[in-house]
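Visitor: I should like to understand the terms used for this structure. Would you please set each value against its definition?

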Amino acid sequence: MTLFRHPEDRIPVLMFLGVFALDVTVFLTAQSWWIPVLWFGLGIIPKGWICSWNHHHQHLSFFKHALPNRLLEIVFGFQTGVTSQAWFLHHVLGHHKNYLDQTQDESRWKRDDGSTMGEVEYSLSTALTAYSRAFHVGKKHHPKALRVFVWMAALQVVLLAGLFWVNPYNALFVFLLPMMASLYVTTWATYFHHVGLETANHSEASYNILHKGYNLMTGNLGYHTAHHTRHGLHWSKLPELHAQLAQEIPANLYRQPGIPFVWSGSEEKLVLSEHEVAALSGRPVEGSGEKLAA
């Protein structure tokens, strides 16, 4: 009997645990001041990717049983700054329900006056209000998940306090600062998912990223229209669903990935040709020598 709901989750979970084992090793053994600082810098991008997987886990938990899920969420909390049930409340029950309505969206990209926020403003606003908005959603819609959220957040704080008691300097650079940076990076990345798309049509409400490396490291998060169409679908099945939806998605709702996949023109908008859209949907393409974007 397997612990996992889907066998595709085994390798990613082993990788997350491997990164956490390295975190603990650096925390316990680093004697020089620069080693935790270097580890913090090296971990920003990989832990940003792990944020995507924490997101997937909150949509469809990796394990069949509660205990391993809660234990993994402690690891995710230290790696991403998003604790147990926070994504579920803020994102699954909040954003996915309200993302077409910018007066209600928990990740809204509009100001109260209807104007569009900039990247930094949106990222800071969403990051700083993430936990209060998660609490509000839980109080209104899911008291059971709210209780888990509160207790697990309290446990995360106690564990973090214990790490600071053992070694405050290493705890700062190995755990607390990466948690804060990952939360900010996560909200910054989500800015490009929907910004400027005001519509009542799900097929026209998300930007998509087709870059293979990006989707490998984020669990196919680039297939964002498919994700919003069926947000409970396992990450491994999103490319297939995107192919089914490709003809309905406007050709201008595609983007380049961010750093480190693209350094020039990061997050730049793309417009696919008719041949590229046809290729995505699996239709025969006649006389096309064009390559699929990214």
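Guide: Let us start with helices: helices (H or I, at least four residues) and strands (E, at least two) are DSSP runs, numbered from the N terminus. Glu 73 and Arg 70 both lie in helix α3, residues 66-80, where they stand three residues apart, about one turn of the helix. Please note that this is a predicted model, in which local features need pLDDT of at least 70 and side-chain atom pairs count only at pLDDT 80 or more, while totals for chains, interfaces and linings use all residues. Residues are numbered from 1 along each chain as its sequence is written, and side-chain values use heavy atoms, with hydrogens and water left out.

Visitor: Why is the pair of Glu 73 and Arg 70 called a salt bridge?

Guide: A salt bridge is a side-chain nitrogen of Lys or Arg within 4 Å of a carboxyl oxygen of Asp or Glu. The closest N and O atoms of Glu 73 and Arg 70 are 2.7 Å apart, so the pair satisfies the rule. In general, side chains of opposite charge can pair when their charged atoms come close. The structure holds four salt bridges.

Visitor: What makes Glu 73 buried or exposed?

Guide: Buried means under 20% relative accessible area, exposed over 50%, and partly exposed in between (1.4 Å probe, protein chains only). Glu 73 has 2% relative accessibility and therefore counts as buried. Arg 70, with 22%, is partly exposed.

Visitor: How do you know that Lys 47 forms a salt bridge with Asp 23?

Guide: Their closest N and O atoms are 3.1 Å apart, which is within the limit of 4 Å. This pair links distant parts of the chain: Lys 47 belongs to helix α2 (residues 34-59) and Asp 23 to helix α1 (residues 10-29), 24 residues apart. Lys 47 is buried because its relative accessibility is 4%, and Asp 23 is buried because its value is 1%.

Visitor: Which parts does the salt bridge between Glu 198 and Lys 110 tie together?

Guide: The side chains of Glu 198 and Lys 110 meet at 2.6 Å, N to O. Glu 198 lies in the loop between α7 (168-194) and α8 (212-218), and Lys 110 in the loop between α4 (86-98) and α5 (119-141), so the parts tied together are 88 residues apart in sequence. Glu 198, at 59%, counts as exposed, whereas Lys 110, at 14%, counts as buried.

Visitor: What makes the link between Thr 80 and Phe 76 a polar contact?

Guide: A polar contact is a pair of N or O atoms within 3.5 Å; within protein, one must be able to donate a hydrogen and the other to accept it, and residues adjacent in sequence count only if both atoms are side-chain atoms. The side chain of Thr 80 reaches the backbone oxygen of Phe 76 at 2.7 Å, which is within that limit. The backbone nitrogen of Val 82 lies 3.2 Å from a polar atom of the Thr 80 side chain. Thr 80 is in helix α3 and is buried because its relative accessible area is 0%.

Visitor: With which residues is Thr 80 in contact, leaving aside its neighbours within four places in sequence?

Guide: Contact means heavy atoms within 4.5 Å. The residues that Thr 80 touches in this way, its neighbours within four places in sequence left aside, are Lys 47, Ile 50, Cys 51, Asn 54, Met 179, Ser 182 and Leu 183.
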